[in-house]
Every structure is written in C-alpha cells, then in structure tokens.
Amino acid sequence: MSLAVSAIEYIDNVKNGNTTVEDFVAKTLEQISKHDTKLHAYLSINENALDQARQTDKKIKAGEKIGAFYGMPISVKDNICVKGGKTTCASKMLEGFVAPYDATVVSKLKNQDAILIGKTNLDEFAMGATTEYSAFGPSRNPWNTEYVPGGSSGGSAVSVSALECIASLGSDTGGSVRNPASFCSIVGLKPTYGLVSRYGLVSYANSIEQIGPFGRRVEDVALLLNHIAGKDQNDSTTIDNHSQDYLDKIDAGIQGKKIGVISEMSKGDGLDKNVENAFWRAASAFESLGASVDQVSLDLVQHTVATYYVLTTAEAGSNLSRYDNLRYGYSLDLEGYEFKSYISKARRNFGPEVIRRMILGGFVPSAGFAGKYLLKALKVKSKLKKEIVDAFKKFDFLISPTVPILPFKFGEKTEDPLAMYLADINTITANLTGIPAISVPFEIHDGLPIGIQIHANMLQEKLLLQAAYALQGTTKLPGVPL
Amino acid sequence: MIGLEIHCQLTKLESKLFCPCKANYRDFQPNANVCPICMGLPGSLPRLNQKAVEKATMIALALNCQTPKKIGFFRKNYFYPDLPKNFQITQLNLYGPTSIGEKGKISIGGKDIRIRRIQLEEDPGRLIYEGASERTQITLVDYNRAGTPLVEIVTEPDFENPRQVRLFLSILSDLLENLGVSDPTLEGAMRADANVSIKDGPRVEIKNINSFYDLEKAIHFEITRQESLHSREIPILQETRHWDDKRKITISSRTKEEDEDYRYILEGDIPWVVLDSQSIEKWRKNMPESISSKKERYITDYGIPAQVADVLSSDKYYSDLFEQAHSKSNAKEIANMITTDLMGLVDTREKREQSKLNPKHLSELVELISSGKVTRTSAKNALQEIVKTGKTVSEIVSQIGLGKISDKLELGKIIDEIVNQEPTAVQQAKDNPQTINYLVGKVMQKTKGKADPAITLGILKEKIGI
C-alpha cells in the first residue's frame, strides 16, 4: 500500500487485511530515515513505534476492541506534551524537559489506537511563520527544499506532506496551522476557540490559540477532529460539542450557500498576483458548486496585525516567564548567583524571536502603556468580533487566500520582522475572533503551493468541512515531488 | 492612620485553588503535594475550585461586602523562586468590580472598620533559608503550599491605634473560624501586613510580620519612628519596610519609586464566573450562624450571662461543643462547665487536637451534678481524666469513684479527724463563722471533692457548735 493514502483509506486497508500496521509503520519509518535528514520535520521519533504497531496488529488479529485509528501513524507538534518523551518547543530553554503527563489530545489519540510516530519541528515556542526560528534548525518545504515550509507548525505540515505520517496535530495562534498547510499543499484546520482542549499545549497566547489537525485530505482532518474535540475538565475554556460527527455528510455540498470574499484580504499591494489569480479561480469554483459569491468588507482587518502582536506578546511575556530553569529545563550551574542575575543568566537560552516578543510583552501591558497598547488592542478585538458576527448574518462562509504570498526562500524575511508579521494578515482574524478556519490546497504555481482559506461561524466546523470538501473535489493536484 | 492587608488560607477546603492537590499541605514531605498544574509545568492549565469561590463569597457576605455579578482572575507578573509560573493568579478590579467582594465593614467595640476589597488568589510556595551565616546561606523551595486557596482582605485605613488592630484581628479570626472556612490557629494560615501613616504623611507598608503579637509591636514601633522623624522635621519616605523579628524594629526594604510593575493581564485560562443571585442566596443560607446571633440566642433563650455567652459564642470549638451537648434544661450548666472547668484544659490548638472529650461527656456530667450524684469539684476532676483518656463518664465514676459522699456517718468520721487536726481553725471558726469554709475545703481535699458540701457544712457546724 502506498504511503500516500488518506486516513480513511488506511483504516479500510488495515480493516480488510490488505496491510498490517507493522508494515505501514515500518514503511513510514523508512520514509522518515530517507528524507528527514534533509526535510527536518521531526525533532524526535517514537522509538517504540514498531512495538506499538505489532501490539496493535495482535489486537486486531485477536479480534479485540480496536480504536478508530487502527495504528495510524500521527505526528504531534513538539509544543504538545507526550508523557515520557521530550517536549522542547524547539527551544534550548526546554532542551531537557520530559513531560510527566499526556496532553488531553494525546491521550485521546492514544485511546483510539493512534501511533504517535514523532514530535515535529516548529518555530521556537510557536513564534514565527517559517520554522526558521527553531533552535534546532529549520524544516524544509518538500515541494522545494530551498523554500520555507511555513510555520510555526512547519514540521507537522512537512511530515504530512512528505508522507512521513498520515496526519498531524499542530497549534494555531495566528495561522500556525493554516500557513504551513498552505505552503506545503495539505489541509489544516484552526477549530473554534474552545472546541479542542489545550491542556498539555505549551501556551504562547492562550486566549486565542487552538490545537488543530493536519491531513492530506479534508475528510482526514474531519476524522481527527471527531476524536480530539469536546469538553475537557482540564481546560475550563472548552465547549461541549455533543460528540458531533464531522465526517457524517461531509459530501453534502454547498448548493445555495452564501460566500463572502473578504475584501481586505483579497486585494492590495501585499497580495501576490499569482495568489490573487488562484484565489479568484477558487471563488469561481465555489460558484460552479452552486454557491453565491459576494464581496464583504471587514474594516478592522487592517488593524489585526498590530492588535495580534500586542495581545500575543503580552500573553507570551506572562506565559513564558515560568521558564527560569529552576524546576526543569537545561543543564545550568546556578551556584553563586543572586536571584535576579540568575534569572537573566538562565533566560539567555531563549532565541532571538522569542526575546523580541518577550521584550514587547513586558512593555505593552506595563503601567503607563497598557492603555495605549494592551487595552486598545482588546478594544479592536471586540469590535472585530462584532464585524464578524454581522458578516455571518449575511454569509455562511468567508473566504480569502490563506497566505497573501507564495512560499519564499530561507532568510528572505528573517531580516525584516515586520514583513514576516504581515504574512499573517489573512489568518489572524480567525484567532482574534475565535471562529474556525481551514486552509485547503488549491493550486501549484511554478512548483509552489497555494491554499484557500474558508472561515465559518462559531462551532460551524461541520459546515466548514463540507465547504472544504466541496472545494477539494474541484482540484486535481500533483503528488509531492520527493 | 493604619490599614491592614490580611491573607487568610481557606484551610477547610479539600483541594488547592486550581488543581486536585491537597489544600492541607502541612503533613507532606517537601515537594510531595504537587502536580503539573501547581508546579506550573509547560502545558498545564488552572482548573478553578468552585468550592473556593463559595467559601470566599461567604467571607465577603460575613464582612458585609457587596458581591459582583461575575468574578474574574488576573495574572500578577513578577519573578520569585517561590512562584512556579512566575506569576500569581489573583483578582483585580480592572474592568469594574470582579473580585470576590468590596465595600464591606465590621464593627469592633462600637467602631466600624471598612473593608475595601476581598480577593481570591493562590498562595506561593515556601522558601526556607538554611544556614545562619551569610556566606553559607542556601535557600530551599517547597512547593507544597503553592496554589493553596488564599483570601486577601484589604481594609480602609480606619484604625487609630495598634490596640484596635489587635481587637479587629481577634474578631476577624473568630469570624473566619466560625464560618468554617479556615483554622486561623494553624501556623501561617493567617498573615497580615500593615500600612501606617501619621498626620496625612506618606504611607509606609510593613511586611514580614509573623504573628499578630508582633504586628501590634511593629505598628507601635512604626508610629513612634514616624513621629520622631516628624518632630525633627525629617521627611518620611513612602516605602516598604520589613519587620526584623530579632531586633524588633522595621527596616527599609525598597522605596516606592523602585516598586515593581506587575503588568497585570487577564487570566484567559479561567473564564468569567457568573455569580447569579440564586447561588449567592443559597450560599448565604448555608452560612453557619454568626457569632453575634449565637451570643444573642444564648442570652435570650437560655439566660446565660452576657460574659459567658460572649466567650462561648466567639470560640467555634466551645460553641460547637455547647450546641451538641446542651438541652433547654441543662444549657446554663453546660455553658458554665465549658467556660470555667473545661477552658483551662483545652486552651491551645495542641490540647484541642489531643482531647478525647465529646459533647456526650459534658451532658452526662452535668446530669450527674444536677441529680446530686457528683459534686462540681469531682466533675472537674473527671473532666481532666476524660480529656486525657476519653473514657465514658460511667467508666470513670465506677473506676475512680466520683460518687458523692453524703453518708452522715462516714462524713462525720472524716470531719472528726479534720477538727482534731485543725484546732486553730476551729477556734477561728467559732470566733468568725465565715472562716468555716476553710474547714469545708479541708474536708473536700481529704475526700478528693466527693463530700457533699451542704451536708459537710451542717455536720461541721454541729460538731464545732456554732
């Protein structure tokens, strides 16, 4: 069986006895050892994966009760805790941190007999859009290894795209799932805030981020969502979704649905011509599926990047202050320091982008400046939410290019943080307002992927996945050129 | 002017404020009462203990505070080794009143002390400084306490002198114990900082005060220090001063200019908690009877003297005993026995913990006294034994024979002995009949309190001939 199967196909094949879990996992590990030296999707590999595969085969043979994933190899971003293994957040600060517990999503996957094949690379503490800020070196885009894979969940996107696993979990604070999904030509979903438990996800900006699934097919993402969503007593912000089945009627189509094109995200100087053209072809594709397409203006989108960086840095400054290396972290002799100088010494192991955001994060909520920055950002956030609520009174979906530009080469944007921050402009709105959004691969231009973003209203993942599935049906994309 | 910030642990809760670890951290080996949440491990999230909200709201209600429509939590950001996350989850009235209570008051001896604000927050861990010499000093951290539910009570600067502070703290401490939310006698369960200023001068905050006894001293010292500066026209600085326990003085620790900026932000991991009037009313109904209402009831229902009722009602241990032991007919006697005979036996926390006494002991003893089978003195002796061993009253009576001696013949023999031994006292009694009590006392001593006092007196008078 090819490694390029969808999750649904994999499960069918294992059920029918066309392949064993062991065989598939062994092939996957081979694929990893063949390509990952170059691609660097993984920071660590589960050394017990083959054993676990054999165990799963045994259970299947014995006719025991088996979980929904049938030993499917799934990778997990390295800012999500898996018990007993390293969780580094791609930071030197957490180089030696071994999580003593499983994140809720991880225990849910394990309970359904998924095999957690490895932990994937990211920008340090999920701050970045290219994985170039990983303290352990960047991941490479399998479509062209000279190019960035997007980020921050770049390793997850690469692992799925390069057939180094079937699906993956990433986290999305300002587009960190959708951006690399778009750059690597796979599907990535940012669920409604609160739909998926964050317990065990290392916080960056906790009030807006979500764990989200990656897959090569829309239905794979729906399957993952089925098993990770729902109320969790360990995360008070979670919502009860009444065990909704997102796979059921995923092919319902979008006949008669109303789609709004977000003007502020689909024109202007920052938008690449090729991306723009591809986007309008996607809009036509939606029309050909029986949906109506109209323009909608969200005035405040122009302020979202500034708002996002004020809010996220303020929260990051607080969330990351626990990394003082006193209780866990890396090896450091702390003898002979007075506490304050110890703290600054211990925290020198943060990388440049984290330091940049921590400095901002110390400033924007500080006495005398909070009113000008943090409180103002919170105001924009609540006004933007109102605009979104109004827009969904008229539309079922809001669409835009996922990223306004094509994947770019390494080093191209690291010199200019502001240009890099602007790449987030289309993805941030979903985080600031809590609504779900998905990136669907749509075209390959000169060997570089372009993704389309669809937003739906709060908790409308089922509708959203139906729209994404419909769009997916209009495309015929080449396989990854490995 | 003096204002207080009091921190009180909700020691009666089962678990910590944001995780399932024990709120009672005192019985653990260091760093054994911890989990990923209270250790602030990467990825962990706080899970609000709803019981803590209920108990803290009861405190707010008992202090006549207004309670908000919804409560929220904020992060107070600062670096300190006892703080696992390097921020403390606490409350702040940043977006209107969202902390557990505000604008309350309690009355102390006719004077109102206003409560500015009450907030619910987590206690940090504990730092233990080992080694006396500066050079070999090391600091140990114990996170067992980290995350323990803490209520901060901030008063307005309404105190005029240290004596009022002491009175207030004693009343507050009784109130918290009576509410069943805290045991203020546990070490570290109740702590207070003071703000002191004189003649509209700048505010000086005194921290690091370990006991209420020292608090009074520290405030006294601080007032004297400020008055002395003022009289010499030396400016008083707005600053934080630490109480030096050894030297019994306050020492400057930092001036307000260098004061830390806590960069408060909303704690997004804990959604707003809506406090609807139904919950508030339900909690209000579940609140134990207040001390003043108990006192009132003891006086009017049972005719217990005001002073006795005061002692009985303000101490939860005594009032609980009383409530369980008394009946309409024996209430006065029970109250008496608790506040006179029992008090000295169980006046410290240790003695109370070790005491084997239960309410049934009290009611049975009182019953024996009123039916004339045991004297008050014997009963007192029995109490001592009961507190120590927990034996039943009937066991004690049969074992050490507390039965009253009212047999005239038997008493007569003993009295004859005493009269022979004490000729001087006998003569005195003849001259001044008042002094006969000395001889009664001697008989009591001889009989270990078992002699019936009335009969003894009768026989004595007869024998001496007065």
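The domain assignment of chain B, a chain of a predicted model, yields three parts: domain 1 (2–281), domain 2 (289–400) and domain 3 (408–464), with bounds taken from an automatic or database domain assignment. The C-alpha centres of domain 2 and domain 3 of chain B are 30 Å apart. Between these two domains of chain B, four residues of domain 2 are in contact with six residues of domain 3, contact being counted when C-beta atoms, placed from the backbone, lie within 7 Å. The domain 2 side of this contact in chain B holds four polar residues, no nonpolar and no charged ones; here Ala, Val, Leu, Ile, Met, Phe, Trp, Tyr, Cys and Pro count as nonpolar, Asp, Glu, Lys and Arg as charged, and the others, Gly among them, as polar.

A look at one helix pair comes next. In chain B, the axes of helix H7 (residues 316–325) and helix H8 (residues 331–342) come within 10 Å and cross at roughly 150°; helices are DSSP runs of H or I with at least four residues, and axes are lines fitted to C-alpha atoms over the stretch in contact, with angles from 0 to 180 degrees between N-to-C directions. H7(B) and H8(B) are therefore roughly antiparallel to each other, a label for angles over 145 degrees. Tyr318(B), Leu321(B), Phe322(B) and Ala325(B) of H7(B) meet Ile334(B), Ala335(B) and Ile338(B) of H8(B). These contact residues comprise seven nonpolar, no polar and no charged.

Chains A and B also touch, with 34 residues from chain A and 23 residues from chain B. On the chain A side, H9(A) gives the most, with three residues.

Residues are numbered from 1 along each chain as its sequence is written, and chains are lettered from A and ligands numbered from 1 in the order in which they are written. In this predicted model, local features need pLDDT of at least 70 and side-chain atom pairs count only at pLDDT 80 or more, while totals for chains, interfaces and linings use all residues.

Note on methods. Helices (H or I, at least four residues) and strands (E, at least two) are DSSP runs, numbered from the N terminus. Angles under 35 degrees count as roughly parallel, over 145 as roughly antiparallel, 65 to 115 as roughly perpendicular and the rest as oblique.
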